[in-house]
Amino acid sequence: MAHISTTEKPQMQQIDLNTLNLQQLTQLKNQLDQELSIFQESLNSIKMARSKYSASKEALEQIKEDWNDKQILVPLTGSMYVPGTIKDANNVIIEIGTGYYVENDLESAKAFFKRRVEYVQEQLEKIETIGIEKSKIRDTIREVMEKKLTMFSKELQKKREGE
């Protein structure tokens, strides 16, 4: 007997898929397909954020304390850079989110990006787990739909042979 249960909400909800008709199964599968699409978009966004935080952390790790008055290229966008000079290699300005910037010492900035990468990784793993659960549920629904279609086809064949 095919059952699905979801644990997203505090109450556990179980549905006997065999009691649903094809239209209900199709609606349930379509809903899961939409949810999985949203989860995939979220995963892509989170992976991009993790990549940016990791790149920032790696850039900070390249800075040496004796780099005062060193010439560098400062990124304005992903493809536009302007020349600059490091005045204090031990203090950096970092973006902490949505256009907010703070000045931090180098070690604090590295620690900030390390924490951000870890946090984003945790969120990524949570979303992946939910996505895997929903994929399994969708696959179970497909199996039940295929069984029902096969049974319907056999019944139709018997009716034709009986005529």
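**Group meeting: a walk through the model**

Let's start with the strands: β5 and β6 run antiparallel and are joined by 6 bridges. Before I go on, a reminder that what you see on the screen is a predicted model.

Staying with that pair, V92 stands opposite N104 in β6. The hairpin leaves 2 residues between the strands, and T98 takes a positive phi there, near 45 degrees. Why point that out? In general, most residues other than glycine have a negative phi. T98 sits in the loop between β5 (91-97) and β6 (100-105). Buried or exposed, then, for T98? T98 counts as exposed, because its relative accessibility is 77% and the cut-off for exposed is over 50%.

There's another residue of that kind. D69 isn't a glycine either, and its phi is positive, near 65 degrees. You'll find D69 in the loop between α1 (22-62) and β3 (71-75). D69 is exposed too, with a relative accessible area of 53%.

D69 also turns up in the next bit, around T85. T85 is in strand β4, residues 81-85. What does T85 touch, once you leave aside its neighbours within four places in sequence? The contacts are D69, K70 and Q71. With Q71 there's a side-chain to side-chain polar contact of 2.8 Å. T85 comes out as partly exposed, because its relative accessible area is 34%, between the 20% and 50% cut-offs. And if you want a distance for scale, T85 and D66 are 19 residues apart along the chain, with 13 Å between their C-alpha atoms.

Okay, on to the helices, α1 to begin with. α1 has 41 residues and reaches 59 Å from its first C-alpha to its last, close to the 60 Å expected at 1.5 Å a residue. Its N-terminal end is capped by N21, with a side-chain oxygen 3.1 Å from the backbone nitrogen of Q23.

Which residues of α1 are buried? They are L25, L28, K29, L32, L36, F39, L43, I46, Y53 and L60. Keep the helix geometry in mind as you look at that list: an α-helix has 3.6 residues a turn, so residues three or four places apart point the same way.

Now, the record. UniProt, in an unreviewed entry, places a "coiled-coil region" at residues 22-66. In the model, that span is 91% helix and 0% strand, and its end C-alpha atoms lie 70 Å apart.

Then there's α2. How far apart are the end C-alpha atoms of α2? They are 83 Å apart, which agrees with the 84 Å that 57 residues should span at 1.5 Å a residue. At the start of α2, a side-chain oxygen of D105 comes to within 3.3 Å of the backbone nitrogen of E107.

Further along α2 we have Q157. Q157 counts as partly exposed, because its relative accessibility is 46%. Between Q157 and E125 there are 48 Å, C-alpha to C-alpha, for 32 residues of sequence.

So where do these pieces meet? Let's look at the cores. The largest nonpolar core has 18 residues, and L60, I63, V92, I94 and F113 are the ones with the most contacts inside it. The elements giving it two or more residues are α1, β5 and α2 (106-162). Of these, α2 gives the largest share, 8 residues. As a general point, nonpolar side chains in soluble globular proteins tend to be buried together.

L60 is a good residue to click on. Not counting residues up to four places away in sequence, L60 touches V92, L106, A109, K110 and F113. Apart from the largest core there is another one, of 9 residues, including L17, L20, V144 and M145.

Last stop, K110, which we just met as a contact of L60. K110 lies in helix α2. Is this lysine buried or exposed? K110 counts as buried, because its relative accessibility is 18%, and the cut-off for buried is under 20%. As for company, K110 touches K57, L60 and E61, again not counting residues up to four places away in sequence.

That's the tour; have a look around the structure yourselves.

Definitions and conventions. Residues numbered from 1 in each chain as written. Predicted model: local features only at pLDDT ≥ 70, side-chain atom pairs only at ≥ 80, totals over all residues. Heavy atoms only, no water. UniProt positions renumbered as here; feature names shortened; annotations may be inferred. Helix = DSSP H or I, 4+ residues; strand = E, 2+ residues; numbered from the N terminus. Buried < 20%, exposed > 50% of the residue type's maximum accessible area, 1.4 Å probe, protein only. Core = buried A, V, L, I, M, F, W, Y, C linked by side-chain atoms within 4.5 Å. Contact = heavy atoms within 4.5 Å. Expected span 1.5 Å × (residues − 1). Polar contact = N/O pair within 3.5 Å; in protein donor to acceptor, adjacent residues only side chain to side chain. Pairing = 2+ DSSP bridges.
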